[in-house]
Amino acid sequence: MSWTWFHKLASPPHAYRILGTIAPWFGWASLALILLATWWGLVKAPADYQQGDGFRILYVHAPSAWMSMFTYVVMAVAAGVGLIWRIKLAHAAAAACAPIGASFTFLALATGSIWGKPMWGTWWVWDARLTSELLLLFLYLGYMALRASFDDPQRADRASAVLALVGVINVPIIHYSVEWWSTLHQPASVTKFDKPSIDLAMLIPLFIMIVGFQLYFGWAVSRRLRGEILRRERNANWLKEAA
Amino acid sequence: MAFDGAVFEAREINAWRGDRHILRDVSFSVRPGEFLKVTGPNGVGKTTLLRVICGLLPAETGELSWRGQSIRGRRDEFNFELGHLGHLNSLKGDLTARENLKFLAGLRTTLTAETIDSTLDRVGILSRGDLPARSLSAGQKRRLALARLLLADAALWILDEPVTNLDTAGIRLVEELIVDHVEQGGLAIAAAHQRLLDDAPCLRRLELEP
Amino acid sequence: MSAVRTPTLAAARLVFQRDMTLAWRRWDEVAQPLIFYVVVTTMFPLATTPDLSALREIGGGVVWVAALLASLLALESLFRADVEDGTTEQWVLSGQPLGYLLLAKVAAHWVLTGLPLVIMSPIVGTGLGLPTSVWGVLMFSLLLGTGTLSILGGIGAALTVGVRRGSVLLSLLVLPLAMPLLIFGSRAVTMQMDGDSPAGPLQLLAAIFFMALSLGPLAMSAAIRISVEN
């Protein structure tokens with residue numbers, strides 16, 4: 001089987017061009033979907049009979065929480081590909097993912113905490129979901145700190161890739177252990193985030209929002225990855241020719 | 001000790017250090033009985049080349065082969081036949097000279113007290129065998145590192161500035177050791193900017209250019 | 001001279017033996033984490049209350065947190081000296097599987113720092129009001145927990161060996177990964193104290209330990225190879 005197409009795709013000039021082409025598509029589509037879901041969620045969907053309008057922050061919280069995990073997995077897969085097949089573009093993609101993932105995690109924590117105030121009367125509860133997100137934020141911060149502490153970008157790439165892989169094996173263990181810990185210490189009713197009996201009218205905007213967030217991720221990664229490519233290839237000939 | 005067919009070959013090695021493209025299409029081969037001296041001004045990439053050969057630094061492109069086969073995927077086998085003397089002596093100051101050899105050279109080959117003693121004798125520091133490496137002089141430490149190299153019993157020697165810190169007698173010792181090694185059919189590659197075996201028949205040169 | 005290649009197990013034993021010999025000559029460094037452990041656990045009664053029945057509530061957790069911090073503290077310099085003097089370089093080139101050599105080093109380190117913490121834990125626990133009935137669970141959970149942490153910390157130490165301010169970074173990398181150990185370990189102690197069977201969390205700790213044991217050497221050797229590149 002020929003891998004030339006793959007290597008061509010993974011070559012920096014090519015990737016740079018393609019990302020430049022697709023980024024606006026991601027960008028506009030995500031903007032449209034997020035606006036649609038916002039309108040749907042804030043205006044059209046009915047208020048929750050228990051939580052009133054407060055529940056509507058779920059439309060930001062749940063997609064952020066989902067994207068924070070999703071981004072970590074994408075980052076770890078990219079890092080693994082970079083480590084095993086020595087593809088620089090994959091390392092660059094992992095580097096591009098980390099701040100985006102950390103932002104999603106932060107957003108999930110912030111919205112969860114804002115939601116907590118009317119729900120539980122405090123800004124923070126040691127809820128399983130929030131605690132998992134907090135630990136995930138630590139993982140992201142550790143990854144970025146390790147990456148930043150190397151002067152040589154190639155060593156930074158590979159060292160942080162090892163960490164991302166160790167981390168991604170740990171994420172389910174951390175997640176499970178926190179769930180277990182939480183059920184031992186608190187009654188199950190508190191975990192209202194994943195209520196099974198959610199109304200369909202509330203669910204549709206949620207799904208639209210998740211798709212919108214995914215597209216936003218595509219846009220943000222494309223943009224950041226282009227930046228990474230420029231930074232890494234600043235001495236390469238194709239860039240000098242293009243400039 | 002014979003190393004028939006033990007040819008080492010490097011083809012079109014390219015390596016970067018950060019942003020600097022240091023090695024550009026470096027190709028050479030070394031045969032049994034040959035000593036390859038890598039020369040060139042400071043910063044030209046002598047150490048980089050030696051570290052690439054050892055696999056301590058990744059090469060961007062290029063192929064290394066040993067005994068006619070690419071070493072890709074056979075690093076451990078190749079490493080076992082490779083003896084490396086770097087800038088660092090890889091010694092523990094708290095361990096005696098004998099213990100240093102036992103714990104480091106012993107990882108490769110099974111050693112007896114006699115082989116350790118005869119090797120220490122060969123490099124001229126037998127009387128220092130039970131002193132902590134910390135208390136040895138810089139030259140004696142280098143000799144101890146040479147003893148480790150000898151005990152590795154490797155076919156291919158990679159020596160980075162082997163005569164650093166050595167006196168005239170020490171330099172002569174290194175020259176003798178290299179000549180003995182290649183006369184038994186071994187191979188040696190050294191980076192050196194001093195005189196080292198400059199008139200020996202086994203010498204070949206690889207001049208790296210900036 | 002005809003060379004007999006050293007079997008991998010013998011090579012790993014040499015690494016272990018070497019670190020024991022070195023530690024014997026630098027025993028003061030070995031004692032430091034243990035002292036740290038005792039000092040940290042002393043802080044809790046002083047900061048909260050000397051009432052043993054109140055301390056008992058958090059005793060298991062305190063012992064666990066202190067043990068994790070103490071063994072992490074000791075891990076910071078695990079590979080530093082060996083990387084700086086070129087020993088790890090020779091390990092990489094020894095023709096032996098690097099992961100096993102590093103695992104042997106971590107094992108020696110655990111025997112020197114982790115095991116004393118485990119042995120000391122009943123004394124420390126008594127000071128925090130833990131009853132003798134939990135000694136067994138406390139020690140067993142710490143045995144598994146410090147073992148896993150040594151491997152996780154070994155990966156972290158191998159990654160941070162060449163970087164500036166490695167010690168803070170090491171904690172930042174390893175502590176989040178160690179949270180499950182803390183959860184299961186301290187919970188096992190509490191369950192035993194409450195009269196529940198701690199088998200569940202202990203089995204989970206054991207499972208995590210064996211996973212770390214099987215995957216850890218792979219990650220450590222990858223990390224060390226990156227660290228010797230300079």
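These are my notebook entries on a predicted model, taken chain by chain.

**Entry 1: chain A overall**

I started with the elements of chain A. I counted eight helices and zero strands. Read from the N terminus on, the order is α-α-α-α-α-α-α-α. Next I looked up burial. Of the 243 residues in chain A, 48% are buried. Then I checked the contacts with a separation of 6 or more. In chain A, 80% of these join residues 24 or more positions apart.

**Entry 2: aromatic pairs**

I turned to the rings. Over all chains, the structure holds 13 aromatic pairs. I looked at A:Tyr72 and A:Tyr140 in detail. Their ring centres lie 5.3 Å apart and their planes stand at 70°. Planes over 60 degrees apart count as edge-to-face, so this pair is edge-to-face.

Where do A:Tyr72 and A:Tyr140 lie? I found A:Tyr72 in helix 3 of chain A, residues 58–85. A:Tyr140 is in helix 5 of chain A, residues 128–148. The pair therefore ties together parts that are 68 residues apart in sequence.

I then asked about each ring's cover. Is A:Tyr72 buried or exposed? Its relative accessibility is 3%, so A:Tyr72 counts as buried. A:Tyr140 has 0% relative accessibility and counts as buried.

My next pair was A:Tyr216 with A:Trp219. The pair is tilted, with 5.8 Å centre to centre and 45° between the planes. Both residues lie in helix 7 of chain A, residues 200–232. They are three residues apart, about one turn of the helix. An α-helix has 3.6 residues a turn, so residues three or four places apart point the same way.

I checked the cover here as well. A:Tyr216 is partly exposed, at 34% relative accessible area. A:Trp219 is partly exposed, at 29%. I also noted a cluster: A:Phe104, A:Phe213, A:Tyr216 and A:Trp219 form one aromatic cluster.

**Entry 3: helix 3 of chain B**

I moved to chain B and picked helix 3, residues 97–104. How many of its eight residues are buried? The count is six, and helix 3 of chain B is mostly covered. The buried residues are B:Ala97, B:Glu99, B:Asn100, B:Leu101, B:Phe103 and B:Leu104.

What covers the buried residues of helix 3 of chain B? The cover includes parts of two chains. From chain B, I noted helix 4 (113–122) and helix 5 (138–152). From chain C, I noted helix 1 (8–25) and helix 5 (87–92).

I followed up on one of these neighbours, helix 5 of chain B. Its axis and the axis of helix 3 of chain B come within 10 Å and cross at roughly 35°. The crossing of helix 3 and helix 5 of chain B is right-handed. On the helix 3 side, the contact is made by B:Ala97, B:Asn100, B:Leu101 and B:Leu104. On the helix 5 side, I listed B:Leu144, B:Ala147, B:Arg148 and B:Leu151. By class, this contact has six nonpolar residues, one polar and one charged.

**Entry 4: positive phi in chain B**

I looked up backbone angles next. B:Glu161 is not a glycine, yet its phi is positive, about 50°. B:Glu161 sits in the loop between strand 7 (156–160) and helix 6 (168–183) of chain B. With 7% relative accessibility, B:Glu161 counts as buried.

B:Leu197 also has a positive phi without being a glycine, at about 55°. Where in chain B is B:Leu197? I found it in the loop between strand 8 (187–191) and strand 9 (203–207). B:Leu197 is buried, with 9% relative accessible area.

**Entry 5: two helices of chain C**

My last lookup was in chain C. I compared helix 2, residues 27–47, with helix 6, residues 98–127. Their axes come within 9 Å and cross at roughly 30°. Angles under 35 degrees count as roughly parallel, so helix 2 and helix 6 of chain C are roughly parallel to each other. Their crossing is right-handed.

I wrote down the contact residues. Helix 2 of chain C brings C:Val30, C:Pro33, C:Leu34, C:Tyr37, C:Val38 and C:Thr41. Helix 6 of chain C brings C:Leu112, C:Thr113, C:Pro116, C:Leu117, C:Met120, C:Ser121 and C:Val124. How many charged residues does the contact of helix 2 with helix 6 of chain C have? There are no charged residues, alongside 10 nonpolar and three polar.

Notes:
Residues numbered from 1 in each chain as written. Chains lettered and ligands numbered in written order. Predicted model: local features only at pLDDT ≥ 70, side-chain atom pairs only at ≥ 80, totals over all residues. Heavy atoms only, no water. Axes fitted to C-alpha atoms, helices over the stretch in contact; angles between N-to-C directions. Helix = DSSP H or I, 4+ residues; strand = E, 2+ residues; numbered from the N terminus. Parallel < 35°, antiparallel > 145°, perpendicular 65-115°, else oblique. Left-handed = near helix turned anticlockwise from the far one by under 90°. Contact = heavy atoms within 4.5 Å. Nonpolar A, V, L, I, M, F, W, Y, C, P; charged D, E, K, R; others polar. Buried < 20%, exposed > 50% of the residue type's maximum accessible area, 1.4 Å probe, protein only. Phe/Tyr/Trp six-rings, centres within 6.5 Å; stacked < 30°, edge-to-face > 60°.
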